[in-house]
Each structure stands twice: as structure tokens, then as C-alpha cells.
Amino acid sequence: MSAAPSIDVERLLEGLNPPQREAVTHEGGPLLILAGAGSGKTRVLTHRIAWLVGTGRVQPNEILAITFTNKAAAEMRERVELLVGRRTRAMWVMTFHAACARMLRVEAPRLGYTRQFTIYDQADSRRLVKRSIDELGIDPKRFTPAAIQHQISDAKNKLRDADAYGQMVGSFFEQTVADVYRLYESELHRMNAMDFDDLLFRSVNVLELFPEVRERYTTAFRHILVDEYQDTNHAQYRWLQLLTGEERNLMVVGDDSQAIFGFRGADITNILDFEEEFPDALTVKLEQNYRSTQTILSAANAVISNNRGRKNKNLWTDLGQGDPIHVRELDDEHAEARFVAREIERIVDEGASRAEIAVFYRTNAQSRVLEDTLVRANLAYQVIGGTKFYERAEVKDAVAYLTLLLNPQDVVAFTRVANSPRRGIGATSLGRVTGFANTMGIPVFDAAADPEEVPGLGAAAVKAFTRFMGTMRVLRERAETGPPVAELLEEVLRETGYLEALEAERTIEAQGRIENLAELVEVAREYDGTAESPTLGEFLQQIALIADADTRVDDEGLITLMTLHNAKGLEFPIVFMIGCEEGVFPHSRALDEGGLEEERRLAYVGITRAERDLYMTYARTRNVFGARTYGARSRFVDEVPVDLTDREEQRLAPGMRPRATVWDDGDIDAARMSPVAYSLGDDVKHAAFGIGKVIAVEPGGIVVLHFRDHGDRKFVADLAPLERVS
Ligand code: ATP
Ligand code: MG
């Protein structure tokens, strides 16, 4: 290994204030930082890693640093890398799930899995829950798979297995959950698969059941550092407890005002009780905020002060007052999206980079309208946490093929691809084969490879299976030689006839699918090129973990779109919080007392991401699940003191559509007038198509123009380069 350049410890400490420095240079033993947003908690954590390594107190591979989202983990890794360079590679800087998965790739055989176990994402797991429900003959309308899945997940987060759960049931619903839980568990195990919650649960199992394993890891990880500790659940708490060695070098940082995962079983008392658990812990308070203007900070403080039961923190900043918070009311979600796009264009024109801008929303579904608008406005963006790409059917098919090559026991993967593309394997024959595999206790792959043995299979089905499995066997042999993943994937797509079937379709949709598959090959190629020693197993694991939250590469110049939950720990100069309406945010499901406080903490998280400019927008009407709804302005907007805001609300004379926006003081700003109103028959000049005539005006600010040479075309009036000619 080449000698890494030494770390300048003096300089490392220069960029820290006294309490931060105290935490960074803490000799050892438990350490707690409980402090408000933007006060440098993550900075302290990363600098501490650098300090420990730079002063030779630990080796890089003795560091375990944990955070919650993939995005935050990537960012943490980047920050550490800036300080210590390539040494970062030897460290475990990752999410809980990734660390557990990595551990289980080694230890899972102790629990009866193979190392190649499959990781089921939410959707896979839901499907398996549904199958279990069906198998038990439970009415899925009475108890939905989603509800049961949630209960099972909740139990797992509390480290309750099916037996433990079964012993505590009270209601009929819980009894049903217990039955499904038991079957679901044995099915998972039979398929050599784990769901997301299992990653933690099984890791805890291994550490508890095998003292020698625990010993090995506690010795290996001499320092454990956890960011966003306020959001740990019981399983994560227990996992950390098991990994903390005799030296008790456990550092946790967090902010009780930012606890936003209660609905997933996070337990805020984990951080509040830390001092009780470790009476000798060093506790450090940080009070200076280095991120936001005073206006943004005051707004955040005002909003969160409406919550009871939180530790008091006095945040201050010397970054000055800054601009007021921009509060805007818009007609509907389309107008809201257009406002955001226009505003972004203006900001970018003034010299900001798109990468400095983020848009947050409460639920993933809110991104689509915005995405459409940004695409039309030619504004490049990325969606963090949208599982979209990996959720597409063709991508899932391809992944299932690869999974099956690695884990021939995986019935879900097998069922998914057996007849995709169509090859004459019907649901009944498929059921016979999986049933037979089940009865005989053999991998489904083996059962299908020998279809003559399966009772009740017709001659055509036998033939179809024989041909299919012939291909699969060749591919499996090929996979075992360890080719680059990208190559293997291309062969799979070709040999199984998958691509051919799409090409034969000759539809736009199929074309899109082919492009997505090409993109997946590209993902594999990138993986092959960057992984230290690429394997199919690791590639699939990465994809499974991306499912929860992920990105299409963090290029410069991309606007970032994400849910508020995914925004945790991040910061952006300019932030838009859209959909600030009662029922949307706070979410209608969370309007009871506890839920509301968690929503308010989410608002606090959102507001405190902003460094310089914060926008809060709301629409007077919005389409929610196909129904037009009329929401009131969010209480969180009202909780921001008026004198910190500049507000733009629409005052309408009865029966009039808004034409111009009116400030509270009555000023009219010509530059921000709403779209010019077009009437039928107007002559309009388009920058590219020339002069056309308005032949229709549609809701949502759409005009339809007729051009002599270009026919009829639709435009969004206030985005398109249009000009009225008299
Ligand atoms: P959050 O609660 O949102 O996770 P945090 O407490 O982790 O916030 P950081 O992200 O570590 O805060 O820091 C916020 C910003 O302030 C970062 O850009 C960081 O680099 C900067 N910062 C923190 N401390 C200092 C300091 N002493 N000098 C200069 N900049 C600092
Ligand atoms: Mg942080």
C-alpha cells in the first residue's frame, strides 16, 4: 500500500470552536452531543474520525461510522475523505442496513442462510406477505397486506420474533398478524431471503448467539460513531450495544427536535437516556449555528417552540439577518410547480448553480407534477429517494434473473421471470413446480430443471421448462466463472430472449424499456469499474439497498428533489418547501397529538436545511389521489412570525381568475405578474415556430397555437418563449 500523506492535526482543529474541539479530542469512552440543527454535529463526528486516525490512536479499519440514509452516508464518507484521503476506504462509513448486510454476508451461514441470501425490498416483502395471507385463507380486504406488513415490521424493529409476538396477542387482528408472521418467516427462510428489518434482526441474533463473533467485532471496531442518533429504533440500539467493546468508545450525536422516524419505531428515549446509561459520558453542547441566516433560524425556533417536551437549545448564528422567508400562495399544484420553475430560472440567471437548490415535499407522489414542469422548462434535476428506476418492471425482471443465478432457491425471483418473456409457462404449471420443490424440500431451480419428475405437468409445459432451464443452466455456469457483471447481464438479456421480445413489440413503451435495461447495464459497468473486487452478489446487494433511498449520481448542476424525510442532515443554499397545506403537510394521517409533533419536527428539519433562502408554498386546490381537494394553508406557515416573511397571497374579486399577484402592502410587481392572459384569435410569436394564432385556452395555463408551417401545438403559457404581437 502506498503511504498516505500525513494528516495536519493542527489545521484540523483550527476550524472548530472550543466545545467542538473538546468533543473531537475526547480521549475515549462514551460521548454524547445533543445539539440543534446546523451546529456542527456531523462536522465534529467526521473531524473526530480524522483526529483519531491522524494522531495514530486508531487504524482506519477500526472505525465504524453509521448514519441513516444512503445520501447522508455518501456525504459523510465524502467529508471524511476530504480530511483523511484514501484511508477512508478501510473504514466502515455507511448506513445501519449496509453495515448489517456486510456483516451477514459473512455470518449468515451460522443462522442457516447461505452467503448469497437475497434482500427483499418493501415491495417484495409486501408480495410475500400477501402470498402468506392468501395461503392462510385470510380475507385480504379485511386485513390488508400493508397493515399486516407494518405490524410485522414493527415487531421486528422491537426484536420480537413470530413466537414472541404470538405470545402477546390481544385482539383478533393481532392473532391474524401472528399467523401471517409465522408463515412469512418460514417462507423467507426457505427462500434464503431477508427483508430490510431482518438485516438488523439477524445481525443482532448472530451477535447474541455467538459470543466469539461478538468478540471479533467488538475488538475490530474500536470506535463507533453514530450520527442522527435520535432516530434509532430498538433493534439498532441493541445492535450498537452489542458492538460496543470494553473501551466503550461510543460516540452518538443527534437532536431530539429532529426525531422524525417514530412511525418506523424509532425511540427518542435512546438519546435522551444516554447519560443515564453511561453516567460517565462526556456531554457536549453546541449552540452556534453555522448554516443559516438568523431569519431562517428564528423561523425554525418559532415553529418548533409549539412542541412540548423537548430539550431547550439556544441556537444563534453570526451570519446576519438575511432575506425574509418567501411565502407564496398558488392556484393549484401546477401553478405551484410553475412558480418554482420560474423562480429557479431567475435564481440561476443571477448566477447560482442548480446544485445549490433543493425542493422538498411531504410525499413522493408530489414530485411528478414538479418533474414534468422542470423537464418542460429544461431544468436538470435529480430525485433522491425515488425508487423509480429500480421499481420498473423490466429492471426488476433483470435483477430477478441475476438473483436467481446466484440463489437458485429464490422462489420469488423464479416466479417473476419464469414466464417473462412469455415462453408458455402458465401460472398453473408454475404452481406445480414451486409446490413440488416445496414438498420435496429442494431448490425450485432444481425442480424446474427436471420437469418430468413434477406430477401433473403437461407435455407442453415440460418442454417449455426444459428449454428455459437449459438456458438458465448455461447462464448459471457462466455466472460461476465470475464474469464482469455488465457482461453477464447482457448475456442474460440476450439468451433468455428478453430483449428480443421487447424489440418485437416495436412500441414506444418497449423502446423505453430497452433504454432502461441499457441503463441498468451501464449501472453494472460502473460497478465493475469502481468496486475493489466486483462480484454479482455485492452488485445485487447494492441495488437492494438503493431501493430505500437513492440517487442518479450527484452531478454538479442538478436541482435536488426529495421528501422531507430524506433531507435530514443535508444543507442547501436555497430551499423550497412545497405543498404547505393542512392535510398534505402536516399529513392528514398524522393529525393526532403525537403525530402532529413529529410532523412539526419534520418542518423544523426542512426549514433548517436552508442556508440563505427559504420558500414555503401552498396551493389553494390540489389533486390528491384523483380527487380535487381544497386545503387550508399549513399551520406550520402560520407558526412562522409574519415579520420574518414576505408573503404573496392572492386576493380575488368574486368570480375573477387571478391575473396579477398582490403584495400585502398592495404593491404590484410587473416582473412577477402571472401569465399573460391569451384570448382566442390572439396572434402570438413563438421564438422557434414563428407567429401563430391562439385556437384554444386550457386549464392549467395551457394555450394551443396554430402555426401555418408547424400545425397545432400546446404550450405552458408562462414557460414557453411566447410574446403577444399586436
Ligand atoms: P444537522 O442537525 O442538520 O445534521 P449538524 O449539527 O450536523 O446539522 P453540520 O452539518 O455538521 O451540522 O454543520 C452545518 C454547517 O456548518 C456545515 O456546513 C459545517 O461545515 C459548518 N460548520 C460547523 N461548524 C463549523 C465551524 N466551527 N466553522 C465553520 N463552519 C462550521
Ligand atoms: Mg448532521
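**Exercise 1. In this predicted model, locate Pro586 among the helices and strands, and describe the peptide bond that precedes this proline.**

Solution. Begin with the place of the residue: Pro586 sits in the loop that runs between strand 13 (572-577) and helix 28 (593-607). Then turn to the bond itself, where Phe585 and Pro586 are joined by a cis peptide bond with an omega of about 5 degrees. A second case can be treated in the same steps: Pro421 lies in the loop between helix 20 (411-417) and helix 21 (427-440), and a cis peptide bond, with omega again about 5 degrees, joins Ser420 and Pro421.

**Exercise 2. Find the sign of phi at Leu159 and at Asn192, and state where each residue lies.**

Solution. Take Leu159 to begin with: although this residue is not a glycine, its phi is positive, at about 60 degrees, and its place is the loop between helix 7 (145-157) and helix 8 (162-167). Continue with Asn192, whose phi is near 60 degrees and thus positive in a residue other than glycine; Asn192 belongs to the loop between helix 9 (172-190) and strand 5 (193-195).

**Exercise 3. Work out the strand order of the open sheet of 6 strands, and explain why strand 3 and strand 8 each have one side without a neighbour.**

Solution. Write down the order, which is 3-2-6-7-1-8, with parallel pairing. Now look at the two ends: strand 3 (92-95) and strand 8 (282-284) stand at the edges and have a single partner strand each, so one side of each is left without a neighbour in the sheet. From one strand to the next, the twist averages 15 degrees. For a pair inside this order, consider strand 2 (residues 63-67) and strand 6 (residues 223-226), which run parallel and are joined by 4 bridges; here Leu64 stands opposite Ile224 in strand 6. Finally, add helix 5 (residues 96-107), which packs on the sheet, touches strand 2, strand 3 and strand 6, and has a direction that makes about 115 degrees with that of strand 3.

**Exercise 4. Describe the surroundings of ligand 1, from its shell of residues to its polar contacts.**

Solution. Start with the shell, in which 20 residues surround ligand 1, the closest being Lys41, Thr42, Arg43, Glu571 and Arg609. Sorted by class, this shell has 3 nonpolar, 10 polar and 7 charged residues, and its largest share, 3 residues, comes from helix 3 (residues 41-54). Next, examine oxygen atoms of the ligand: a polar side-chain atom of Arg609 lies 2.7 Å from one, a polar side-chain atom of Thr42 lies 2.8 Å from one, and a backbone N or O atom of Gly40 lies 3.1 Å from one. To finish, consider the surface: ligand 1 taken alone exposes 640 Å², of which the protein buries 85%.

Notes
Residues are numbered from 1 along each chain as its sequence is written. Chains are lettered from A and ligands numbered from 1 in the order in which they are written. This is a predicted model: local features need pLDDT of at least 70, side-chain atom pairs count only at pLDDT 80 or more; totals for chains, interfaces and linings use all residues. Side-chain values use heavy atoms; hydrogens and water are left out. Two strands pair if DSSP finds at least two bridges between them. Axes are lines fitted to C-alpha atoms, for helices over the stretch in contact, and angles run from 0 to 180 degrees between N-to-C directions. Contact means heavy atoms within 4.5 Å. A residue is near a molecule or strand if one of its heavy atoms lies within 4 Å of it. A polar contact is a pair of N or O atoms within 3.5 Å; within protein, one must be able to donate a hydrogen and the other to accept it, and residues adjacent in sequence count only if both atoms are side-chain atoms. Accessible areas come from the Shrake-Rupley method with a 1.4 Å probe; for residues, only the protein chains shown count as cover. Ala, Val, Leu, Ile, Met, Phe, Trp, Tyr, Cys and Pro count as nonpolar, Asp, Glu, Lys and Arg as charged, and the others, Gly among them, as polar.
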